[in-house]
Amino acid sequence: VQLVESGGELVQPGGSLRLSCAASGLTFSSCHMSWYRQAPGKGREAVAIITSGAGRTNYADSVKGRFTISRDDTKNTVYLQMNSLKPEDTAVYYCNAERSVGLLRGTKYWGKGTPVTVSS
């Protein structure tokens with residue numbers, strides 16, 4: 001299983017970025033997909049999740065109304081559109097896949113992360 005994040009970079013406050021995570025080695029459509037982040041000196045926190053099937057979404061309070069998670073099961077890719085970025089959004093962003101069916105249900109996989117820096 002491989003999850004490869006991309007799209008992180010330096011952006012000014014108020015700007016936008018779109019992160020992508022390309023998955024391989026698993027049945028993507030059967031996985032719940034999430035984005036987490038870890039700021040310097042802090043623990044990893046969940047940012048957004050999109051379920052398999054119905055594609056229900058949920059967000060951390062700190063990003064509601066600014067971030068949007070989406071998925072394209074034909075491309076095995078999950079996205080995180082980030083708008084109105086703030087300095088406190090600075091972190092390494094990680095993609096997570098969780099199997100939702102089968103004997104390995106609940107198994108989680110992680111990408112290596114992509115850094116996002118919000119600064120003027």
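## A look around an all-strand chain

With 120 residues, a compact globule would have a radius of gyration near 14 Å, and the protein chain agrees, since it also comes out at 14 Å. Keep in mind that this is a predicted model. Along its principal axes, the C-alpha trace spans about 45 × 25 × 25 Å.

What is the chain built from? It has 11 strands and 0 helices. Of the contacts with a separation of 6 or more, 56% are between residues 24 or more positions apart. Buried residues make up 42% of the 120 residues. On the outside, the chain exposes about 6,300 Å², and carbon and sulfur atoms supply 47% of that area.

Now for the inside. In soluble globular proteins, nonpolar side chains tend to be buried together. Here the largest nonpolar core has 31 residues, and Met 33, Trp 35, Val 78, Leu 80, Met 82 and Tyr 93 are the ones with the most contacts inside it. The elements that give two or more residues to this core are strand 3 (17-24), strand 4, strand 5 (44-50), strand 7 (67-72), strand 8 (77-82), strand 9 (91-99) and strand 11 (114-118).

Leu 80 is a handy residue to click on. Leaving out residues up to four places away in sequence, Leu 80 touches Leu 17, Arg 18, Leu 19, Trp 35, Val 47, Ala 48, Phe 67, Thr 68, Ile 69 and Tyr 93.

Next, the rings. How many aromatic pairs does a search of the whole structure find? It turns up 1. The ring centres of Tyr 36 and Trp 110 lie 4.8 Å apart with their planes at 70°, so this pair is edge-to-face; the cut-off for that label is over 60 degrees. The pair links distant parts of the chain, with Tyr 36 in strand 4 (residues 31-38) and Trp 110 in strand 10 (residues 108-110), 74 residues apart.

Are the two partners buried or exposed? Tyr 36 has 17% relative accessibility, so it counts as buried. Trp 110, at 38%, counts as partly exposed.

Trp 110 also has a charged neighbour: the charged end of Arg 44 sits over its ring. Arg 71 has a similar placement, with its charged end over the ring of Phe 28. Here are both arrangements:

| Charged residue | Ring below it | Distance from charged end to ring centre |
|---|---|---|
| Arg 44 | Trp 110 | 4.7 Å |
| Arg 71 | Phe 28 | 4.7 Å |

So Trp 110 is a good place to end the tour: its ring pairs with Tyr 36 and has the charged end of Arg 44 over it.

Conventions
Residues are numbered from 1 along each chain as its sequence is written. This is a predicted model: local features need pLDDT of at least 70, side-chain atom pairs count only at pLDDT 80 or more; totals for chains, interfaces and linings use all residues. Side-chain values use heavy atoms; hydrogens and water are left out. Rings of Phe, Tyr and Trp (its six-membered ring) pair if their centres lie within 6.5 Å; planes under 30 degrees apart count as stacked, over 60 as edge-to-face and the rest as tilted. Helices (H or I, at least four residues) and strands (E, at least two) are DSSP runs, numbered from the N terminus. Buried means under 20% relative accessible area, exposed over 50%, partly exposed in between (1.4 Å probe, protein chains only). A charge sits over a ring if NZ of Lys or CZ of Arg is within 6 Å of the ring centre and within 35 degrees of the ring normal. A nonpolar core is a set of buried Ala, Val, Leu, Ile, Met, Phe, Trp, Tyr and Cys residues joined through side-chain atoms within 4.5 Å. Contact means heavy atoms within 4.5 Å. The radius of gyration is taken over C-alpha atoms; the globule rule is 2.2 Å times the number of residues to the power 0.38. Accessible areas come from the Shrake-Rupley method with a 1.4 Å probe; for residues, only the protein chains shown count as cover.
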